Amino acid sequence: MTETGPFLRQMRATAPLVHNITNFVAMNIMANVLLSAGASPAMVHAREEVAEFAGLAQALTLNIGTLDPAWAEAMEIAACTMDVAGRPWVLDPVGVGATRFRQEVCARLLALRPTVIRGNASEILALAGLGGQGRGADAADPVAAAETAARDLARRTGAVVAVSGPVDFVTDGTSAYRVSNGHALMPRVTALGCSLNGVIAAFLVGQDRLGATVAALAYFGLAGERAAQGAAGPGSFQTAFLDALHALTPEDLRRGARVVPA
Amino acid sequence: MTETGPFLRQMRATAPLVHNITNFVAMNIMANVLLSAGASPAMVHAREEVAEFAGLAQALTLNIGTLDPAWAEAMEIAACTMDVAGRPWVLDPVGVGATRFRQEVCARLLALRPTVIRGNASEILALAGLGGQGRGADAADPVAAAETAARDLARRTGAVVAVSGPVDFVTDGTSAYRVSNGHALMPRVTALGCSLNGVIAAFLVGQDRLGATVAALAYFGLAGERAAQGAAGPGSFQTAFLDALHALTPEDLRRGARVVPA
Amino acid sequence: MTETGPFLRQMRATAPLVHNITNFVAMNIMANVLLSAGASPAMVHAREEVAEFAGLAQALTLNIGTLDPAWAEAMEIAACTMDVAGRPWVLDPVGVGATRFRQEVCARLLALRPTVIRGNASEILALAGLGGQGRGADAADPVAAAETAARDLARRTGAVVAVSGPVDFVTDGTSAYRVSNGHALMPRVTALGCSLNGVIAAFLVGQDRLGATVAALAYFGLAGERAAQGAAGPGSFQTAFLDALHALTPEDLRRGARVVPA
């Protein structure tokens, strides 16, 4: 299961079309992350076409960062389409603890059976109904505080749950892994977490979902480590990060992934 | 007609205000592309002001990437304003083959007489009513497959039609040119095609539309070639591409443009 | 008052959560500017949650760049929340002179007592009811032409008014300062002015508003100067600008700020 390289190789061979309904901050960088990784991104949200478009996509990501009711409705339609078709989708409950509106929308989306839920510790705690102190996209809680909540949420929803942080925690409710790839500059670039959702979705296409999620996190974090070499700050880091996503090979990932059972 | 340098010189002297109603992925990079090229971008879409604003602009671009009905209505109002005023506008039918909604909106926009239509081969085929296999912003069809469709579409609509690809094909229905500037990293950066619409629109102001379109494509592709020198991947390529748009002179373009009659 | 370093030190110690309702072009770069500077950005706009979220934020920015009526309503709700709570908010009246819709929205927002109003000379002139020749985000008028309008606007609204340009002018209606930090490449990168609003808002938290505004402008301009060293054009400048925002220390700012009473 800690084999990661083959998941990257398979994703690139598939070059999946990933449909994203995400926030306005993330749109551009998320598309660039997916292109650099080797997948094909598309952003479509209108009620008039979202189901038809989701029908063409191989995976879907939903992110509630800059939510409004019309977008929430589009998200439900798209998730429903994927659920019915048996295709994977990823939920990012950005800032779910911050407002009642986000909690209500997330409750509706959870019922549509996400394949993977990825958030920071505060978001996973809030989603699991345990509180959490997040504000916006920041995590006020450490990853370790959300492990029990993540396992519970995974069992209750049937999703793989990934808690992002300095060391990520990933579980399907039974097995669990820690992924320690990454770099401190990553949270200094906006929407990298949102962009990671797309990479996870791309890895999920036709692959085991727990293994694909772990491999995607290791790949993303390893690209961050490479990018940090020689970066002078968040600006040059972001540029180098896209280059690293593009350059990393399955063999690099096999050597560089730091994944252990939890 | 294969003179390209004077079109760039004239565009920079005019520094036209280009009004763009485009998708959320493209907004930022498109504005930066226009600023780096020497034009002045503005993004305005509300029904309450779009006609008034279009009245101030020297050219317009419409892009249906992240469409919804309210934005489609704004596009119609803005295109109508430009048509009545005799000012140029560019249509980018992103993913028109993917959904019925896109086809309906594009049919309405075509009736408002775009000056230039730019898309990939799949989009031009779909717009011409000949099928096309595109998904999202990707082209599944080669440029050559769309040449007849491009000529037909140009004759039928009165627009210059540009088919983007490794070698671009541009026609007004009578004459046609191939532009072979460009680099393989360009489709690995999101929304560069969308951004090109803005450059075409800026070149169109006060200039011959077939010549301006060809010159804009050569300029854009040549900037890509310059940017690729020394780029380590899509991230550093994007950075260098904006620098190259800014640095290229009319004399550089005259020397570097690769344009031949088709 | 021309002490600037302590304002930067205090902002970083606070790392304030800044709530932004801004335009689609600015969303990503503004979030990255705030993260690089040391603050925490959030973008939230739905009527269903905007008051609740504003209640969590320490400062707010409003920017009318890509306005529509629903966003205007969200802006009013958020500004009202900040006004009632006595927390600072910044207004950027982008292109206010261009359309009646913008003038009407700005009139409503002015009544909600912004802490700081920042714009280019054309925008400040238009907001003060004196005309102005702006088109989109460009300034057609020189800063000097807007100084009297800025003083009048400050006295009438109770806001600090900052006029951006090659030399910025900042006044609370009584005192005034000129800040001459900056670089000619800054207006060649889109939405840097919009992003500056966020930095001003972050500096305002718990600090004197005239001093905080001046310090934020000097910090931002100084980062531009640093970034321009070695930049090959607008692309590499933008990358280096984020790095410089991150790297600049309070001591760098103390030495590099060029602020004089007006």
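**A loop, a sheet and a three-fold axis**

R113(B) sits in the loop between α5 and β5 (116-120) of chain B. In this predicted model, R113(B) has a positive phi of about 55° even though it isn't a glycine. That is worth a second look, because most residues other than glycine have a negative phi. As for its surroundings, R113(B) counts as partly exposed because 15 other C-beta atoms lie within 10 Å, and a residue needs 20 or more to be called buried and 12 or fewer to be called exposed.

Chain A offers another case. A15(A), again a residue other than glycine, has a positive phi near 45°. This residue belongs to the loop between α1 (5-14) and β1 (17-21) of chain A. With 16 other C-beta atoms within 10 Å, A15(A) is partly exposed too. A positive phi also turns up at a glycine: G38(B), just after α2(B), takes a value of about 115°.

The helix before that glycine tells its own story. How many of the residues of α2(B) are buried? The count is 11 of 11, so the helix is mostly covered. The run starts with M27(B), N28(B) and I29(B) and carries on through M30(B), A31(B), N32(B), V33(B), L34(B), L35(B), S36(B) and A37(B), which are buried as well.

Now for the sheet of chain B. Here 9 strands line up in an open sheet with mixed pairing, in the order β2-β1-β3-β4-β5-β6-β7-β8-β9. At the edges are β2 (40-43) and β9 (259-261) of chain B, each of which pairs on one side only. From one strand to the next, the twist averages 20°. Zooming in on one pair, strand β4 (residues 89-92) of chain B runs in the parallel sense with β5(B), and the two are joined over 2 bridges. On the β5(B) side, I117(B) is the bridge partner of L91(B). A helix also lies over this part of the chain: α8 (residues 192-204) of chain B crosses β1 (17-21), β2, β3 (59-63), β4, β5 and β6 (160-164) of chain B. Relative to β3(B), α8(B) runs at about 160°.

Helices pack against helices as well, and chain C has a neat example. Helix α4 (residues 69-85) of chain C and α5(C) meet at an angle of about 10°, with their axes 10 Å apart. That makes α4(C) roughly parallel to α5(C), because angles under 35 degrees count that way. On the α4(C) side, the contact uses A72(C), M75(C), E76(C) and A79(C), while α5(C) brings V105(C), R108(C) and L109(C). Sorted by type, the residues of this contact are 5 nonpolar, no polar and 2 charged. The general rule behind helix spacing is handy here: an α-helix has 3.6 residues a turn, so residues three or four places apart point the same way.

Next comes the way the chains fit together. A turn of 120° and a shift of 0.0 Å along the axis lay chain C on chain B with an RMSD of 0.0 Å. That is the relation of a three-fold axis. Which residue of chain C comes closest to the rotation axis? It is F24(C), whose C-alpha is 3.9 Å away.

Chain C and chain B meet through 27 residues of chain C and 28 residues of chain B. On the chain C side, the elements giving two or more residues are α2 (27-37), α5 (100-110) and α10 (234-247) of chain C. Of these, α10(C) gives the largest share, with 4 residues. This side of chain C is made up of 12 nonpolar, 9 polar and 6 charged residues. Only 11% of the interface residues of chain C are also interface residues in chain B, so the copies meet through different surfaces.

A helix pair from these two chains gives a close-up. α10(B) and α10(C) pack at an angle of about 135°, their axes 6 Å apart. That makes α10(B) oblique to α10(C). From α10(B), the residues taking part are Q238(B), T239(B), A240(B), F241(B), L242(B), D243(B) and H246(B), and they meet P234(C), G235(C), S236(C) and T239(C) of α10(C). By type, the residues of this contact are 4 nonpolar, 6 polar and 1 charged.

Finally, there is the meeting of chain B with chain A, where 27 residues of chain B touch 28 residues of chain A. The largest share of this side of chain B, 4 residues, is provided by α10(B).

Conventions: Residues numbered from 1 in each chain as written. Chains lettered and ligands numbered in written order. Predicted model: local features only at pLDDT ≥ 70, side-chain atom pairs only at ≥ 80, totals over all residues. Least-squares fit on C-alpha atoms with pLDDT ≥ 70 in both. Contact = placed C-beta atoms within 7 Å. Nonpolar A, V, L, I, M, F, W, Y, C, P; charged D, E, K, R; others polar. Axes fitted to C-alpha atoms, helices over the stretch in contact; angles between N-to-C directions. Parallel < 35°, antiparallel > 145°, perpendicular 65-115°, else oblique. Pairing = 2+ DSSP bridges.
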